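Visitor: Please show me how to read the sheet and the ligand site in this entry.

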Amino acid sequence: MTHTTTIPTSFIFRDDHLELLNQQKLPHRVEYLQLYSLKEFYDAIVTLKVRGAPAIGITAAYGLALSMNRYDTGCLAEFMGKFKEDKDYLFSSRPTAVNLGWALDSLQNAIERAQSVNEAKTILLHSAIHLHAEDEVTCRKIGEYGLQLLNDKSTIMTICNAGSIATSKYGTALAPFHLGSEQGKTFHVYACETRPVFQGSRLTTWELQQSGVNVTLIADSMAAHTIKEKNVEAVIVGADRIAANGDTANKIGTSMLAILCNHYDIPFYVAAPSSTFDITLPSGSSIPIEERAPEELTEINGHRIPPRDTLVYNPAFDVTPHELITGIITEKGILTPSYDESIRKVISQS
Ligand code: MRU
């Protein structure tokens, strides 16, 4: 029997602007922003109003296409110059998620065949809409493969939000839970709160509640105890960039979970679209790790926690070594070690 569930989404394209779910305000306010200018798109990405690797890429693609659509020139060379400038500006918004550069590059590849400014504008808008639609199909496939893997399990842990609102729909790590819920399967998900900005506490709990999945919040430091005491059977996480050897960058705290899975002998899965592979990097040590403002750690809702002048280190991501990853779930199937080989095979299919 299929159940009707409500899976939240982040984007509504409105011809001259993008309506974007403001993730900063969740869960207490469901507010959609109207984004028009390039600066508004850039700020939305930097301030995490939109976050999650695929969602960042889709937002940037719409931002670039919409801003170029308003650019008033008949000269194709001038148009391409401005395109490059705007693309570089958006590219500088966040460094770790490879999907941002991937989405912007796919717009650039698409307009290389344009013969006029008008044609380039149309191609850009169509390409952004296509990326958005394609990501939904991709995530649904990830969900189907993930559900096959998790079908005999019910108690799963995750970190951050690799969910529907971090993509076009369904998400990556959360996609199996949404699809399982539609099919009447009961999962019990333990969501790590995800310090410092609480993507797990604010977003994953809200999103899974919307779609009727049982979700229990824990602090990140409770993961080891919870895995042992609540018989967690697997951990599933998203990814921001996966190097050629399978080393995976994802939200800070992820590698700690992989180490715990190894200790407790339970599987650790990464779920990501194939656009998250970056085979130009041989290993995770070359993945750029974003460091964010100290206030994310020192303040909660504007209230300061540690003494003034406390030194702060605030890396937003960490890299999980490939040896700790049981499988990588993509839209093209489930990859297993050796990842050098299985990743190369998947990339060559594109
Ligand atoms: O800093 P964020 O919230 O953008 O970090 C997001 C993550 O780490 C996600 O797990 C990853 O981008 C995958 S989203 C499908």
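Guide: The sheet comes before the ligand site below.

Guide: This is a predicted model, in which local features need pLDDT of at least 70, side-chain atom pairs count only at pLDDT 80 or more, and totals for chains, interfaces and linings use all residues. Residues are numbered from 1 along each chain as its sequence is written, and side-chain values use heavy atoms, without hydrogens and water.

Visitor: In what order do the four strands stand in the open sheet?

Guide: Strands (E, at least two residues) and helices (H or I, at least four) are DSSP runs numbered from the N terminus, and two strands pair if DSSP finds at least two bridges between them. Here the order is 11-8-9-14, with mixed pairing. Strand 11 (277-278) and strand 14 (317-320) each have a single partner strand, so one side of each lacks a neighbour in the sheet.

Visitor: How many bridges join strand 8 to strand 9?

Guide: Two; strand 8 (residues 241-243) and strand 9 (residues 248-251) run antiparallel. Isoleucine 242 of the structure is opposite threonine 248 in strand 9.

Visitor: Which residues come nearest to the ligand?

Guide: A residue counts as near if one of its heavy atoms lies within 4 Å of the molecule. There are 16 residues around the ligand, and Arg51, Ala53, Arg94, Asn250 and Lys251 come nearest.

Visitor: Which polar contacts does arginine 94 offer the ligand?

Guide: A polar contact is a pair of N or O atoms within 3.5 Å. A side-chain N or O atom of arginine 94 is 2.7 Å from a ligand oxygen atom; for arginine 51 the distance is 2.8 Å.

Notes. Polar contact = N/O pair within 3.5 Å; in protein donor to acceptor, adjacent residues only side chain to side chain.
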